[in-house]
Amino acid sequence: MAFDTAGFEQADGYRYIPISEHGLIGDLRTTALVGTNGTIDWYCCPRFDAPSIFGSILDADRGGSFELAAEVPTRTRQFYFPDTNVLITRFFAADGVAEIQDFMPVVDESREASRHRLIRRVVCVRGTLPFRARIAPRFGYGTETHTTHLEGDHEAVFRSPSLTLALTATAPLESDGLDVWSHFKLLEGESNVFALDRLGDGVRPRSCPRAEAEEQAEATVRFWRHWLAGSQYHGRWREMVNRSALVLKLLTYAPTGAIVAAPTTSLPEQIGGERNWDYRYVWVRDAAFCVYAMLRLGFTSEAEAFMGFLGERGIMRGTGATGPLQIMYGIDGRSDLPEYELPNLEGHLGSAPVRVGNAATGQLQLDIYGALIDSVYLYDKWGQPISSDRWAEVGAMADWLCEHWDQPDEGIWETRAGRRNFVYSRLMCWVALERAMRMANRRGLPADLPRWRQSRDAIYRQIMARGWSVERGAFVQALDDGELDASLLMMPMAKFVSPTDPKWLSTLDALTTDLVSDSLVYRYDPASSPDGLHGPEGTFSICSFWYVEALARAGRLEEARLAFEKMLTYGNHLGLFAEEIGPTGEQLGNFPQAFTHLSLISAAFNLDRALG
């Protein structure tokens with residue numbers, strides 16, 4: 001993707017680059033977004049849900065950033081070092097070509113690292129180029145003050161009440177007591193290194209000489225390539241599938257095995273709108289679907305780590321008002337995620353409010369039981385047999401569902417307009433009981449099978465009787481309703497109906513007519529089915545990939561393949577997807593989104609298999 005950096009500081013139109021104009025790097029504890037202009041405008045340290053240090057993607061003036069770019073007009077292109085999460089941004093100018101190699105070394109996954117390192121290596125590959133750097137951290141989402149102290153010409157320490165960072169560089173540094181900057185010129189073959197480290201109490205900054213930076217870059221490349229070599233996928237669209245797998249791995253928190261929904265907060269689903277949410281937490285549904293995608297590719301260790309997260313933190317043994325599970329947790333397993341707003345930040349392109357935490361934690365979403373028990377079932381089948389403790393938890397959840405499935409909830413889309421009898425929630429309750437019964441039968445595990453069977457069959461009959469609209473000729477969003485909902489694309493994938501059942505094919509046609517626009521799929525129509533929020537939204541990318549899979553399973557392979565190829569064109573220059581696609585193809589919502597990438601993997605896997 002090309003980006004013209006000439007004058008980007010002065011022109012107001014360039015205060016924010018599009019969400020899609022970013023790549024992602026990380027170390028399995030946190031991540032950073034790097035723009036095609038060379039600026040890091042989102043970075044939380046030391047973990048995903050920590051307050052931002054660089055957050056100019058949410059406020060160009062007060063958010064903080066790490067700018068690094070040529071001082072002359074250039075075009076830029078950005079790509080990943082093949083089969084890795086090492087990001088390269090190239091600058092093409094009249095007098096030379098240079099590149100920035102951005103990466104975060106991955107430390108031992110089995111323990112919490114006390115230090116986190118972000119390395120930026122600038123190399124001139126042809127001619128000569130002048131560069132400038134400006135390092136302007138704004139701690140605590142821009143709410144904390146800090147001091148900056150230079151120690152010589154190549155080391156700076158940023159101190160705030162909550163965090164201390166050290167910057168070491170091979171280029172000379174200057175400071176005004178708040179920010180640090182550097183100006184330097186590189187000739188062909190020359191390089192400079194900037195390394196940003198978190199410092200603990202009493203710890204001295206460590207330098208990062210050019211040779212060490214090169215060694216750490218090579219080690220990081222080896223780590224990612226070794227991990228990706230574990231993939232068993234060899235079908236079509238392998239490059240896109242591999243990139244999606246690398247994204248999902250970046251969204252895992254190694255110390256606990258948690259998987260976050262996205263690494264960002266408050267990137268808008270509508271520019272200027274209020275649909276801005278914090279996704280840096282573990283949604284049970286999203287993480288469970290990630291387990292499915294990882295297992296499909298042969299990555300059992302990630303599934304095992306997530307099972308460990310569930311067990312060690314007692315996730316399935318809750319006693320809250322919404323049952324054994326709540327819909328999301330912190331990456332450390334905490335259940336309290338209070339939502340509040342940051343009025344000091346204007347939001348991306350003025351899209352306020354900026355939110356931290358998530359008030360949906362207290363919602364009742366019955367579908368999460370199906371997603372989670374299905375992932376346990378698949379892990380038990382494709383990974384390792386689950387333990388007796390896990391089975392006891394699954395059995396307790398199935399027993400609870402038998403008593404509580406027939407009630408309204410907020411549903412998969414976390415609407416804020418009150419509870420309803422969503423058909424998708426009923427569907428996934430059916431999945432929960434059906435998969436629990438499969439496990440019990442296959443392994444001879446103790447279970448109240450007559451009770452589970454009775455509830456499972458009652459759910460099935462209710463969906464068929466009240467979730468089917470004769471007038472619409474389709475399964476609908478809620479019982480005794482007439483609105484359509486793209487979540488029902490999961491019906492054949494969950495094996496609730498045959499993908500060629502006449503009722504399902506009629507539903508697929510109705511969804512195509514009402515919710516599909518050039519392969520892009522809307523979740524529902526908020527005008528006719530209010531969700532408690534103002535304004536429209538874009539098409540939902542996970543639904544678009546579900547649509548591809550539904551078409552493939554229905555035998556409509558040419559339509560499925562064309563829809564899939566069209567969807568791939570909406571990815572950014574690196575193959576990354578946000579949550580939604582806007583009216584003119586722009587990426588909207590938090591970025592990159594696990595939901596989208598796991599559904600891409602599933603659609604590619606099943607479409608490739610169907611094509612033969």
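**Helices, strands and cores in a predicted model**

Of the 21 residues of helix 8, 17 are buried, so this helix is largely enclosed by the rest of the structure. The model described here is a predicted one. From its first C-alpha to its last, helix 8 reaches 30 Å, close to the 30 Å expected at 1.5 Å a residue. Just after helix 8 comes G444, whose phi is positive, near 65°.

Helix 8 also leads into the nonpolar interior. The largest nonpolar core has 204 residues, and those with the most contacts inside it are Y43, L167, F194, F306, L325, W546 and F564. Helix 8 (residues 423-443) supplies the largest share of this core, with 13 residues. A second, separate core holds nine residues, among them V86, C208, A213 and V221. What does L325 touch, leaving aside residues up to four places away in sequence? The contacts of L325 are with V284, I315, M316, I368, Y369, L372 and M397.

Helix 3 offers another example of an enclosed helix. Spanning residues 238-250, helix 3 has 13 residues and reaches 18 Å from its first C-alpha to its last, close to the 18 Å expected at 1.5 Å a residue. Eleven of these 13 residues are buried, so helix 3 is largely enclosed by the rest of the structure. The buried residues of helix 3 include polar or charged names as well as nonpolar ones to look for in the model: N242, R243, S244 and K249 are buried, and M240, V241, A245, L246, V247, L248 and L250 are buried too. In a helix of the α type there are 3.6 residues a turn, so residues three or four places apart point the same way.

K249 turns up again in the surroundings of E302. E302 lies in helix 5 (residues 300-312) and is buried, with a relative accessible area of 7%. When residues up to four places away in sequence are not counted, E302 touches W227, K249 and M294.

Strand 13 can be followed in the same way. Six of the six residues of strand 13 (residues 164-169) are buried, so the strand is largely enclosed by the rest of the structure. In a regular strand, side chains alternate between the two faces of the sheet. Both faces of strand 13 are covered, with T164, A166 and T168 buried on one side and L165, L167 and A169 buried on the other. Which strands pair with strand 13? Strand 12 (residues 155-159) pairs with strand 13 in the antiparallel sense over five bridges, and F158 stands opposite L165. These two strands form a hairpin with four residues between them. Strand 16 (residues 191-199) also runs antiparallel to strand 13, joined to it by six bridges, and here T168 stands opposite A195.

Elsewhere, an open sheet of three strands has the order 27-28-29, with antiparallel pairing. Strand 27 (539-540) and strand 29 (587-588) stand at its edges with a single partner strand each, so one side of each is left without a neighbour in the sheet. Two bridges join strand 27 to strand 28 (residues 580-581), and F540 has E580 as its bridge partner in strand 28.

Aromatic rings form a further layer of the picture. The structure holds 23 aromatic pairs. One of them joins F289 and F595, whose ring centres are 5.9 Å apart and whose planes are at 25°, so the pair is stacked. This pair links distant parts of the chain, with F289 in helix 4 (residues 284-297) and F595 in helix 14 (residues 594-611), 306 residues apart. F289 is buried at a relative accessible area of 10%, and F595 counts as buried at 5%. How are the rings of W468 and F475 arranged? Their centres are 5.2 Å apart and their planes are at 75°, so this pair is edge-to-face. Both W468 and F475 are buried. Ring pairs also link Y43, F54, F66, F91, F131, F184 and F194 into a cluster; Y43 and F194 appear as well among the residues with the most contacts inside the largest core.

Finally, is E67 buried or exposed? At 11% relative accessibility, E67 counts as buried. E67 is found in strand 6 (residues 65-70), and its side chain makes a polar contact of 3.3 Å with the side chain of R132. Between the C-alpha atoms of E67 and Y522, which are 455 residues apart along the chain, the separation is 37 Å.

How values were computed
Residues numbered from 1 in each chain as written. Predicted model: local features only at pLDDT ≥ 70, side-chain atom pairs only at ≥ 80, totals over all residues. Heavy atoms only, no water. Pairing = 2+ DSSP bridges. Core = buried A, V, L, I, M, F, W, Y, C linked by side-chain atoms within 4.5 Å. Buried < 20%, exposed > 50% of the residue type's maximum accessible area, 1.4 Å probe, protein only. Contact = heavy atoms within 4.5 Å. Expected span 1.5 Å × (residues − 1). Polar contact = N/O pair within 3.5 Å; in protein donor to acceptor, adjacent residues only side chain to side chain. Phe/Tyr/Trp six-rings, centres within 6.5 Å; stacked < 30°, edge-to-face > 60°.
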